[in-house]
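Dear colleague,

I am handing over the structure below, followed by some notes on what was found in it. Please read them beside the sequence.

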Amino acid sequence: TTTTSVICELATTACECASLGVCGWPTDSNGNGVCRYIPDAIPGMQLVECAWCAAQELCEGQGCNLEKDPCSCASAWQGCRWSTESGVGFCEPLGTDPPTGCNLCPSQDRCA
């Protein structure tokens, strides 16, 4: 049989690791990570940081800053919007602000 620690070690991405629910994604100073079994994990505890896998349910609105253009920002799973309020475009959590403008990303479904 395959042990839980071996299952964790087989995960090759942070999101694959997070999906196992009992594994964490420790990283070194260069940002290289590896999936490891966390034996005393509390159910529902976040074991993989949102910076490494923003697609986790607990990360909604987090990781938006990783998106670098209006359309990828507008379509990001975690709920983001492209802001130009500071004079420089950047991706931020949607919150209560209006979504990414159609002038910035006309390919959005709502802009058809």
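**Cores, one buried glutamine and a pocket**

The largest nonpolar core has 9 residues, namely C8, A11, A14, C17, C23, W25, C35, V48 and C53; such a core is a set of buried Ala, Val, Leu, Ile, Met, Phe, Trp, Tyr and Cys residues joined through side-chain atoms within 4.5 Å, where buried means under 20% relative accessible area with a 1.4 Å probe, protein chains only. A second, separate core of 6 residues includes C73, C80, W82 and C91.

This is a predicted model, in which local features need pLDDT of at least 70 and side-chain atom pairs count only at pLDDT 80 or more, while totals for chains, interfaces and linings use all residues. Residues are numbered from 1 along each chain as its sequence is written, and side-chain values use heavy atoms, with hydrogens and water left out.

Within the largest core, C35 touches C8, E9, A11, C17, C23, G24 and W25, residues up to four places away in sequence not being counted (contact means heavy atoms within 4.5 Å).

Q56, in the loop between β2 (36-37) and α3 (70-74), is buried, with a relative accessible area of 14%. Its side chain reaches the backbone oxygen of V48 at 2.9 Å, and a polar atom of the Q56 side chain lies 2.8 Å from the backbone oxygen of C53. Leaving aside neighbours within four places in sequence, Q56 is in contact with A18, Q46, V48, E49, C50 and W77.

Best regards

Conventions:
Buried means under 20% relative accessible area, exposed over 50%, partly exposed in between (1.4 Å probe, protein chains only). Helices (H or I, at least four residues) and strands (E, at least two) are DSSP runs, numbered from the N terminus. A polar contact is a pair of N or O atoms within 3.5 Å; within protein, one must be able to donate a hydrogen and the other to accept it, and residues adjacent in sequence count only if both atoms are side-chain atoms.
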